[in-house]
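Me: Please take a close look at one part of this structure, the nonpolar core and the strands and helices that build it. I would like a connected account, with the terms spelled out.

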Amino acid sequence: MSCNCTAGRPRNASLRRALAFADQPESLKKGAGITSEGLQWRTILQSQAATRKAHMVRGSNRKKVPSTALQKKLERAAVKVMKNAHAPYSNFHVGAAILLTNGKIFSGCNVENASYGMTNCAERTAIFSAVAEMGPKIEIQAVAVANDHGVACSPCGACRQVIYEFGPDATVFFQGTQGPKQAHITELLPEGFRLQ
Ligand SMILES: [Zn+2]
């Protein structure tokens, strides 16, 4: 998949105006009855441009999508761990497995709680387990997600951002509305960000 980034230049006209405004002297801004809020836009825009630039660099080094055999192995690991889910409230068991670029596979299941908001998804359980064992320098190549209802179940928004943190070039395999599906993480999370 090619990268569509346009690093450095905001596409949105109002954002370009905000950036131009940020470059004006304070005296002109105050004379126009406007505060220096534009500077905040500048910071945001610079951050976004840096993210796009980093994405372009990474995009040129994209790893291959795992082979079919590896994909199946990953999916089997996701299904296997599903039985360990703690899901007495939803009765919806989910398993996830991640493939790291070093070839290692980690798996995780959803872990619910009587305080529902404390529930942790299978994808994040798998990723956190990998970090706990391997440290923070892991890179996720692929993620597989399975559930015991055989229904469409893509990673939730929170998990997409966590996947992006450790796998900005990851391929995700999951059950879509039309059947098994694979997607690049940036398709699932177009504006993911990292602070490093
Ligand atoms: Zn999730």
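Reply: What follows goes from the chain as a whole to its core, and then to single elements of that core. This is a predicted model, in which local features need pLDDT of at least 70 and side-chain atom pairs count only at pLDDT 80 or more, while totals for chains, interfaces and linings use all residues. Residues are numbered from 1 along each chain as its sequence is written.

The protein chain has 7 helices and 5 strands, where helices (H or I, at least four residues) and strands (E, at least two) are DSSP runs numbered from the N terminus. Along the sequence these elements follow the pattern α-α-α-α-β-β-α-β-α-β-β-α. Of the 196 residues, 27% count as buried; a residue is buried if 20 or more other C-beta atoms lie within 10 Å of its own, exposed if 12 or fewer, and partly exposed in between, with C-beta atoms placed from the backbone.

The largest nonpolar core, a set of buried Ala, Val, Leu, Ile, Met, Phe, Trp, Tyr and Cys residues joined through C-beta atoms within 7 Å, has 35 residues, and those with the most contacts inside it are A78, A96, A97, I98, V143 and A144. At least two residues of this core come from each of α4 (68-82), β1 (94-100), β2 (105-109), α5 (122-134), β3 (140-147), α6 (157-166), β4 (171-176) and α7 (185-188). The largest share, 6 residues, is supplied by β3.

Contact here means that the C-beta atoms of two residues, placed from the backbone, lie within 7 Å. Leaving aside residues up to four places away in sequence, A78 touches G95, A96, A97, S107, A144, V145 and A146. For the protein chain, 58% of the contacts with a separation of 6 or more are between residues 24 or more positions apart.

As for β1, 6 of its 7 residues are buried, and the strand is thus described as mostly covered. Two strands pair if DSSP finds at least two bridges between them; β1 pairs with β3 in the antiparallel sense over 7 bridges, and L100 stands opposite I140 in β3. β1 also runs antiparallel to β2, to which 5 bridges join it, with I105 in β2 as the bridge partner of L99. The hairpin of β1 and β2 has 4 residues between the strands, and G103 in this hairpin takes a positive phi near 95 degrees.

Turning to α6, its buried residues are C159, R160, V162, I163 and Y164, and what covers them includes α5, β3, β4 and α7.
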